[in-house]
Amino acid sequence: MNATTTTEKTTDTKTQPKNGTAAVDKDSKLASDQGTTTIADIVVQKVAGLAAREVRGVHDLGGGAARAFGAIRDRIPGASASIGQGVSVEVGETQAAVDLELVVEYGVAIAELARAVRRNVLTAIEQMTGLVVVEVNININDVYIPGDDDEPAPSSRVQ
């Protein structure tokens, strides 16, 4: 059975004053008569990644390939983990949309976890950046089972 979901997005409309100069959206926290503030995509991506990881039951972020590259990167001295792994964002002047790829721990109620992650990400982005979050889409792509990742200790052929 196929279900189609429609998500309605709101858009900001700015009016042009009669003198031809650009208007400042007075409802935006990021614009004023003294200037505007622009937030880079990477900032929103990192905030979303950190906020998602804070929720109990989220084991990791990213798809299989992203996690594999992350494991390789972790073995390189001096390399740092990507906080934005598994997070993609679209950032406009006043709004943002977020897509997350999560690995959840076995035994966690996924629907409740998704609600908690969505709420935490939305709150963190809106409080830190002033952007209005229009969507937080969550894709659960794996379940972490303790003991699955344990590699057997390499046996030495010589003693």
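The exercises below walk through a predicted model of one protein chain, each with a worked solution. Residues are numbered from 1 along each chain as its sequence is written, and side-chain values use heavy atoms, with hydrogens and water left out. Because the model is predicted, local features need pLDDT of at least 70 and side-chain atom pairs count only at pLDDT 80 or more, whereas totals for chains, interfaces and linings use all residues.

**Exercise 1. Describe the order of elements in the protein chain.**

Begin with the count: the protein chain has three helices and six strands, where helices (H or I, at least four residues) and strands (E, at least two) are DSSP runs, numbered from the N terminus. Then read from the N terminus on, which gives the order β-β-α-β-α-β-β-α-β.

**Exercise 2. Compare the span of helix 3 with the expected one.**

Helix 3 covers residues 110-129, which is 20 residues. The expected span is 1.5 Å times one less than the number of residues, so helix 3 should span 28 Å, and this agrees with its end C-alpha atoms, which are 28 Å apart. Just after helix 3, G130 has a positive phi of about 80°.

**Exercise 3. Work out which side of helix 3 is buried and what covers it.**

First list the buried residues (under 20% relative accessible area, with exposed meaning over 50% and partly exposed in between, for a 1.4 Å probe and protein chains only): in helix 3 they are L113, A114, V117, V121, A124, I125 and T129. They cover an arc of only 110° around the axis, taken from the directions from the helix axis to the C-beta atoms, and therefore lie on the same side of helix 3. On the other side, E112, R119 and Q127 are exposed. Finally, look for contacts (heavy atoms within 4.5 Å): the cover over the buried residues includes helix 1 (41-53), strand 3, strand 5 (95-105) and strand 6.

**Exercise 4. Place D60 and decide whether D60 is buried, partly exposed or exposed.**

D60 lies in strand 3, residues 58-61. Its relative accessible area is 22%, so D60 counts as partly exposed. Next, relate D60 to E105: the two are 45 residues apart in sequence, yet their C-alpha atoms are 8.8 Å apart in space.

**Exercise 5. Find how much of the protein chain is buried, and how far apart in sequence its contacts reach.**

Of the 159 residues in the protein chain, 28% are buried. Among the contacts with a separation of 6 or more, 70% come from residues 24 or more positions apart.
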